Amino acid sequence: MRLLALLAVLALAVTGCSDPGPAPGVLSVGIREPATLLPADLSDQAGRLVTGALWTPLADYDAATGKVTPRAAESIESADRVHWTVRLRPSTFHDGTPVTAQSYVDTWRAIAAAHWVASPVLTKLVRAREIKASGLVLTLTLDRPSGQVPALLSAPGLVPLPASVLASHDWNGFAKAPVGNGPYRLDGPWKPGSGGTLKRVGEGGAATIELRVGEPSAQYDAVKAGTLDLATEVPGEKHEAIHEFGDRHATWALPQAGYLTFPVTDPRFTDATVRHGFALGVDRAALEAGPLAHQVDPAKALLPPADAPGERTGTCRPCTFDAAAGKALLKQASFPGGATVYFGPGAEGWTRTLVVGLHKALDVSVTAQARPAGQLDGPSTLDVKLATPSPYELLSALAEASGYRDENFRQNLALADAAATGDEAGELYRLAENQLLRDLPVAPLWSGHGHAVWGDRVHDVVTTPFTGPVLAGIAAP
């Protein structure tokens with residue numbers, strides 16, 4: 001009898017020490033540590049996921065269809081694509097202060113002045129000569145006609161900040177305890193290395209969301225064990241196993257892509273034949289399975305899926321790995337041999353694998369080196385993280401990175417920017433994309449994608465390129 005009682009006590013002790021799993025009504029989500037929670041200065045998946053719940057953007061924009069879905073805005077309209085009017089829905093920040101058109105004007109001025117990640121959206125893409133605010137009405141006057149304004153204003157970095165931080169400029173303090181206008185508020189300050197708790201204040205599923213910072217591999221195992229509801233990243237070593245979750249997993253396109261850019265003004269790379277030769281010598285599948293750890297897809301087009309307008313049925317010949325054809329093209333162009341491929345921060349690992357593959361495939365001397373300041377004398381790898389769903393942003397950046405100055409390309413890009421409809425813009429963007437694939441100042445290598453797995457308590461998981469899983473849309477467990 002005493003033995004049974006002792007065993008019962010021991011069993012109770014063991015049960016009490018074990019993780020009981022997520023509580024009823026509470027959604028537990030595993031993420032990496034966000035780089036920041038200042039929405040205008042982030043480009044990482046974890047940061048976008050959290051701020052996507054804390055803020056509501058002016059609109060959602062589907063790059064594939066050109067469809068605009070107003071969110072914080074009631075409407076975004078223009079009669080001539082030069083003068084734009086944004087009418088806001090009445091709303092408040094989580095501190096109780098009203099969100100007004102002036103909130104956006106003051107925030108955008110701060111973004112431009114601080115040169116945050118979202119700054120080029122305003123200074124290089126929107127390019128408004130004048131922005132005015134009156135109550136809940138925001139008016140923009142551009143320096144040229146542009147139909148891309150709804151896509152650009154949907155950028156998650158252009159959400160408003162409350163007057164208190166705009167007055168104090170305490171950006172670091174604000175990033176630790178952000179105040180947004182979205183369906184969830186942060187309950188207490190963010191705890192680096194641990195996470196934070198979101199409380200629903202608007203339309204959403206779970207009343208409480210626990211955000212737990214950790215390593216993706218451990219979070220994957222925790223979902224499998226039933227002690228975590230949702231893991232928002234799947235590491236490479238678990239990639240082939242995600243199907244064990246049945247239909248409780250998702251893959252989505254991220255606004256990120258990798259390219260090999262060529263210095264088109266360098267005498268060795270002015271011939272497009274040379275550039276095509278190098279492109280055909282890239283084993284993209286080896287990059288995907290090797291240093292990029294199944295977190296990307298080998299490129300099949302110049303524009304990544306997160307940024308591609310309309311139907312994508314064309315063949316990208318420079319995206320094919322064909323070592324024999326690549327060597328033949330270099331021989332045809334009398335390429336003198338030898339090249340240094342430069343890389344930026346965070347790209348050294350996959351660039352070195354790329355270089356080894358090029359040397360083996362093309363039988364030319366290729367080395368890798370960190371990118372120095374000034375003009376480069378060889379190709380360079382480019383890891384692009386997009387701030388908007390507009391193809392104008394990416395195509396402009398690729399041309400600028402390579403020094404490509406073709407007038408026909410520039411005109412097609414300008415016409416696409418000014419187009420009155422999404423369909424018209426899509427056709428013009430495809431013309432610009434096809435020209436880049438023909439002249440190849442940049443060779444597409446890969447496009448990023450995200451993975452998530454979830455437990456059987458979780459339902460209605462929807463993903464988007466900029467937020468990943470939409471936390472507010474997940475049904476309460």
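The exercises below work through the predicted model of one protein chain, each with a solution in steps.

**Exercise 1. Overall form**

Task: Decide whether the radius of gyration of the protein chain agrees or disagrees with that of a compact globule, and describe the extent of its C-alpha trace.

Solution: Begin with the chain length, since for 477 residues a compact globule would have a radius of gyration near 23 Å. The protein chain has 25 Å, which agrees with that expectation. Next, turn to the principal axes, along which the C-alpha trace spans about 90 × 65 × 40 Å. Finally, add the secondary structure, which comes to 15 helices and 19 strands.

**Exercise 2. Surface, burial and charge**

Task: Find what share of the residues is buried, what share of the exposed area carbon and sulfur atoms supply, and how far apart the mean positions of the charges are.

Solution: Taking burial as the starting point, buried residues make up 51% of the 477 residues in the protein chain. For the surface, the chain exposes about 20,900 Å², and 54% of this area is supplied by carbon and sulfur atoms. For the charges, there are 40 positive and 49 negative ones, and their mean positions are 1 Å apart. As a last step, consider the contacts with a separation of 6 or more, of which 71% are accounted for by residues 24 or more positions apart.

**Exercise 3. The nonpolar cores**

Task: State how many residues the largest nonpolar core has, and which residues have the most contacts inside it.

Solution: A general tendency helps at the outset, namely that nonpolar side chains in soluble globular proteins tend to be buried together. In this chain the largest nonpolar core has 124 residues, and those with the most contacts inside it are Trp108, Phe278 and Leu471. A second core, separate from the largest one, has nine residues, among them Val223, Leu228, Ala231 and Ile242. To see how one residue of the largest core is surrounded, take Leu471: leaving aside residues up to four places away in sequence, Leu471 touches Val29, Leu49, Ala53, Tyr184, Leu198, Ile209, Leu211 and Leu230.

**Exercise 4. A helix and its neighbours**

Task: Work out how many of the residues of helix H9 are buried, and which elements these buried residues pack against.

Solution: Helix H9 covers residues 272-280, and eight of its nine residues are buried, so that the helix is mostly covered. The buried residues are Thr273, Val274, Arg275, His276, Gly277, Phe278, Ala279 and Leu280. Their packing partners include the helices H10, H11 (323-332), H12 (348-362) and H15 (422-439). The strands S14 (339-343) and S17 (442-454) are also among the elements that the buried residues of H9 pack against.

**Exercise 5. Two positive phi angles in one loop**

Task: For Ala293 and His294, decide whether each residue is buried or partly exposed.

Solution: Locate the residues before judging them: Ala293 lies in the loop between helix H10 (284-289) and strand S13 (296-298), and His294 is also in the loop between H10 and S13. Neither residue is a glycine, yet Ala293 has a positive phi of about 50° and His294 a positive phi of about 60°. The cut-off needed here is that a residue is buried under 20% relative accessible area, and partly exposed from there up to 50%. Ala293 has 27% relative accessibility and therefore counts as partly exposed, whereas His294 has 17% and therefore counts as buried.

**Exercise 6. Sequence distance and spatial distance**

Task: Find how far apart in space the C-alpha atoms are for the pairs Pro160 and Trp55, Thr464 and Leu49, and Ile76 and Phe262.

Solution: Pro160, in the loop between helices H5 (149-153) and H6 (163-168), is 105 residues from Trp55 along the chain, and their C-alpha atoms are separated by 8.2 Å. Trp55 is also one of the residues that Pro160 touches, and Pro160 is buried, with a relative accessible area of 1%. Thr464, in strand S18 (residues 463-464), is 415 residues from Leu49 in sequence, while the C-alpha atoms are 9.9 Å apart. At 28% relative accessibility, Thr464 counts as partly exposed. Ile76, in strand S4 (residues 73-78), is 186 residues from Phe262 along the chain, and here the C-alpha atoms are separated by 39 Å. Ile76 is buried, with a relative accessible area of 15%, and the residues it touches include Ala59, Trp84 and Leu153.

Notes:
Residues numbered from 1 in each chain as written. Predicted model: local features only at pLDDT ≥ 70, side-chain atom pairs only at ≥ 80, totals over all residues. Heavy atoms only, no water. Helix = DSSP H or I, 4+ residues; strand = E, 2+ residues; numbered from the N terminus. Rg over C-alpha atoms; globule rule 2.2 N^0.38 Å. Buried < 20%, exposed > 50% of the residue type's maximum accessible area, 1.4 Å probe, protein only. Contact = heavy atoms within 4.5 Å. Areas by Shrake-Rupley, 256 points an atom, 1.4 Å probe, with all protein chains shown as cover. Lys, Arg positive; Asp, Glu negative; His and termini not counted. Charge placed at Lys NZ, Arg CZ, Asp CG, Glu CD. Core = buried A, V, L, I, M, F, W, Y, C linked by side-chain atoms within 4.5 Å.
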